[in-house]
Each structure stands twice: as C-alpha cells, then as structure tokens.
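Hi everyone, thanks for making time this morning. I'd like to walk you through one chain today, so please have the viewer open and follow along.

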Amino acid sequence: MKRAVRLLGVGRSRPLPALALALALTLVAGGFAAWAGQDWYRAAHDEQAAYAAQRDAALSAGEQAVQNLNTLDHRELKRGLDLWESSTTGELHEQLASGREEFTAQMKEAKTVSTARVLSGAVTELDGRAGRARVLVALRVTVEAADGAKSDKDSRMLGELTRTDGRWKLSALGQAPVGGTSTG
C-alpha cells in the first residue's frame, strides 16, 4: 500500500504545474476584470458621454419632427395631422391644433402630397438642464400636385425643441436664412 501512495505523488514537496498555471490565470483574469470594471465605471459616469447622448437624442427627434411637419398626404390627412400634433408642443402645437379644420379644407381642395427627406442636421444649441435645444435641418421636400406633376425644393429649417415628458418635441419652426450679405 505504501508503494501505491508514492506512485501517485502524494507527499510531494513542490506544487503541481497545473495548479500553478490555474493560479496564474486566476490572477490575470482578476486583474483584467478590475481594469475593465474601472474603465466601465469611468465611461458610465463621464459627463461628456451623457451630453453626447442628449445631443444625439435631440438631433434625432428634431430631424424626425421637421420631416413630419413637411410631409402630408391629402388622402391621409387625419393620420398626418395627428403626427404633426404629436411631434410638437407649446405654442406651435396650439397653432397646429387650432388651425386644423381650415388646413384640412385647404389640403382637400389642393389634393397635394408632400414628402420630406432629411439631408443633414445639426444641434446648434443644447441646454439639457433646461430641456431646450435648437436644430438646423436641411431637407428636400417633394410636392406632387393633383395632376401628377412633381417638384423638389431644398430648404433649411431652424427648429426649437423642448423636452416634455422625457421626449424632445418641436416648439418652434422656421426657415433658416440662406446665403451671405451682398457687398455691392
């Protein structure tokens, strides 16, 4: 029986190589986990990353809202005007809601379809604490008349956004000035 114990290596004074390797790998994995955790913590609490996320959310909402307000099909007026109202807040929302009946009559008579496509956009101002932002959006609007004739118009729109119930909505919209001044 003593002979069998000696053959299995019981009672050896030096550690097995597999045990040393497992210990080394555990230490390396623990060090990596600590380093990655510290990086993750810094990124999660980085003010610049939070600001960038807010900016991106405002830009995305602003571009979509400007596109919504420049797209309307006379055959689906209720759905289009509902989308306009859900994309806006404040005084702009009130103007759209109060002029809805008159605008519906005008659109039914004109029988046009306008489709907007965002070409580019940028946030020009952002105050995340106050819940306000401004965007500049370039878009191409295609208008199809009742006779089937189509025309394209490129425009730049300035939009003001207000955060309400955690969502960015348009509170004002207007044309952006184009070109410089003449030096005559």
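Let me begin with contacts. Of the contacts in this chain with a separation of 6 or more, 50% are between residues 24 or more positions apart. Please keep in mind that this is a predicted model.

Now the overall layout. The chain has 6 helices and 5 strands, and from the N terminus the order reads α-α-α-β-α-α-α-β-β-β-β. Out of 184 residues, 25% are buried. The accessible surface is about 13,200 Å², and carbon and sulfur atoms contribute 55% of that.

On to the sheet. In what order do the strands of the open sheet run? The order is β1-β2-β3-β4-β5, with antiparallel pairing. That leaves β1 and β5 as the edge strands, each pairing on one side only.

Let's go through the pairs. β2 and β3 are antiparallel, with 13 bridges. If you want landmarks there, Ala-116 sits opposite Val-141 in β3, and Ser-120 has Ala-138 in β3 as its bridge partner. The hairpin of these two strands has 4 residues between them, and Gly-131 in that hairpin takes a positive phi near 75°.

Next come β3 and β4, antiparallel again and over 13 bridges. Here Glu-144 is bridged to Lys-150 in β4. This hairpin has 5 residues between the strands, and its Gly-148 shows a positive phi near 95°.

Then β4 and β5, which run antiparallel and are joined by 8 bridges. Thr-162 has Lys-169 in β5 as its bridge partner. How many residues lie between the strands in the hairpin of β4 and β5? There are 2, and in this hairpin the positive phi, near 50°, belongs to Asp-165.

Staying in that area, have a look at Thr-89, in the loop between α4 and α5. Is Thr-89 buried or exposed? Thr-89 counts as buried because its relative accessible area is 17%, and the cut-off for buried is under 20%. Beyond its neighbours within four places in sequence, Thr-89 contacts Thr-162, Thr-164, Lys-169, Leu-170 and Ser-171. You'll recognise Thr-162 and Lys-169 from the bridge I just mentioned.

Now the core. As a general point, nonpolar side chains in soluble globular proteins tend to be buried together. In our chain, the largest nonpolar core has 22 residues, and Leu-139, Leu-161 and Leu-170 touch the most other members. Elements giving two or more residues to this core are α3 (47–69), α4 (77–86), α5 (90–98), β2 (113–127), β3 (132–144), β4 (150–164) and β5 (167–175). Which of them gives the most? That would be β3, with 5 residues.

Leu-139 is a nice one to click on. Setting aside neighbours within four places in sequence, its contacts include Val-66, Asn-70, Ala-116, Val-118, Leu-119 and Met-157.

How does α3 sit relative to the sheet? This helix lies across β2, β3, β4 and β5, and runs at about 150° to β2. One residue to pick out in α3 is Ala-50. Ala-50 is partly exposed, because its relative accessibility is 47%. Its C-alpha atom is 9.9 Å from that of Gly-128, although the two residues are 78 apart along the chain.

Last stop, helix α6, residues 100–110. Its buried residues are Arg-100, Thr-104 and Met-107. Why do these residues share the same side of α6? They cover an arc of only 70° around the axis, so they end up on that one side. The general background is that an α-helix has 3.6 residues a turn, so residues three or four places apart point the same way.

The face of α6 turned away from the buried side carries exposed Glu-101, Glu-102 and Glu-109. The cover over the buried residues of α6 includes β1 (72–73), α4 and α5. After the helix comes Lys-111, which has a positive phi near 55°.

To recap: an open sheet of 5 strands with antiparallel pairing, α3 lying across β2, β3, β4 and β5, and a largest nonpolar core of 22 residues, to which β3 gives the most. Thanks for listening, and I'm happy to take questions.

Definitions and conventions. Residues are numbered from 1 along each chain as its sequence is written. This is a predicted model: local features need pLDDT of at least 70, side-chain atom pairs count only at pLDDT 80 or more; totals for chains, interfaces and linings use all residues. Side-chain values use heavy atoms; hydrogens and water are left out. Buried means under 20% relative accessible area, exposed over 50%, partly exposed in between (1.4 Å probe, protein chains only). Contact means heavy atoms within 4.5 Å. Accessible areas come from the Shrake-Rupley method with a 1.4 Å probe; for residues, only the protein chains shown count as cover. A nonpolar core is a set of buried Ala, Val, Leu, Ile, Met, Phe, Trp, Tyr and Cys residues joined through side-chain atoms within 4.5 Å. The arc is that of the directions from the helix axis to the C-beta atoms. Two strands pair if DSSP finds at least two bridges between them. Axes are lines fitted to C-alpha atoms, for helices over the stretch in contact, and angles run from 0 to 180 degrees between N-to-C directions.
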